[in-house]
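Work through the exercises below with the model open. Each task is followed by a solution in steps.

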Amino acid sequence: MAFDKKASRLRRSRQTRHKISELRVNRLSVFRSNAHIYANILSPEGDRVLVSASTVEADVRAELAKKPGRGGNVSAASIVGKRVAEKALKAGIESVAFDRSGYRYHGRVRALAEAAREAGLKF
């Protein structure tokens, strides 16, 4: 196995995903690239995306146009967190398990999680 950043991150995420699958709850999964951040709420089976939000959506892009840095910063992540929580509550999803996908809980991942909690999502 090659020891690159992506492989290490996926290795770290494996145990979390296994535990969440045992719990049989909806999962809030986060993916971040250098330019964007994505948040999906997946069904307990992991086969369907129930709700999603990201910095590539037109509404989010319009909101970010006023701010410097576009989609790859903490303010963009908090907008996405708030948006995914609002969509989830509208879809009848109140609680999820947070899957940080092997990323450290700081910076953009933390901002997304805290914004989702403040908007009413429980995890």
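**Exercise 1. Locate serine 101 in this predicted model, and state whether serine 101 is buried or exposed.**

Step 1. Find the loop between S4 and H4; serine 101 sits there.
Step 2. Read the relative accessibility of serine 101: 2%.
Step 3. Buried requires under 20%. Serine 101 is therefore buried.
Step 4. Check the backbone. Serine 101 is not a glycine, yet its phi is positive, about 55°.

**Exercise 2. In which loop is arginine 24 found, and what is its phi?**

Step 1. Go to helix H1 (5-23) and strand S1 (27-32); arginine 24 lies in the loop between them.
Step 2. Read phi for arginine 24: near 55°.
Step 3. Note the sign. The value is positive, and the residue is other than glycine.

**Exercise 3. How many aromatic pairs are there? Classify the pair of phenylalanine 98 and tyrosine 105.**

Step 1. Apply the centre cut-off of within 6.5 Å. The count is three aromatic pairs.
Step 2. Take the rings of phenylalanine 98 and tyrosine 105. Their centres are 6.3 Å apart, and their planes meet at 85°.
Step 3. Planes over 60 degrees apart count as edge-to-face. So this pair is edge-to-face.
Step 4. Add accessibility. Phenylalanine 98 is buried at 17% relative accessible area. Tyrosine 105 is partly exposed at 35%.

**Exercise 4. Classify the pair of phenylalanine 98 and phenylalanine 123, and place both residues in the chain.**

Step 1. Phenylalanine 98 and phenylalanine 123 have ring centres 5.2 Å apart, with 20° between the planes.
Step 2. Under 30 degrees counts as stacked. The pair of phenylalanine 98 and phenylalanine 123 is therefore stacked.
Step 3. Phenylalanine 98 belongs to strand S4 (residues 97-99). Phenylalanine 123 is in the segment after helix H4 (107-118). They are 25 residues apart, so the pair links distant parts of the chain.
Step 4. Phenylalanine 123 has 28% relative accessibility, so it counts as partly exposed.
Step 5. Join the results. Phe98, Tyr105 and Phe123 form one aromatic cluster.

**Exercise 5. Where is confidence lowest, and where is it highest?**

Step 1. Start with the whole protein chain. The average pLDDT is 94, and 98% of the residues score at least 70.
Step 2. Look for the minimum. Helix H2 (residues 58-64) is lowest, at a mean of 92.
Step 3. Look for the maximum. H4 is highest, at 98.

Notes
Residues are numbered from 1 along each chain as its sequence is written. This is a predicted model: local features need pLDDT of at least 70, side-chain atom pairs count only at pLDDT 80 or more; totals for chains, interfaces and linings use all residues. Side-chain values use heavy atoms; hydrogens and water are left out. Rings of Phe, Tyr and Trp (its six-membered ring) pair if their centres lie within 6.5 Å; planes under 30 degrees apart count as stacked, over 60 as edge-to-face and the rest as tilted. Buried means under 20% relative accessible area, exposed over 50%, partly exposed in between (1.4 Å probe, protein chains only). Helices (H or I, at least four residues) and strands (E, at least two) are DSSP runs, numbered from the N terminus. pLDDT is the predictor's confidence in each residue, from 0 to 100.
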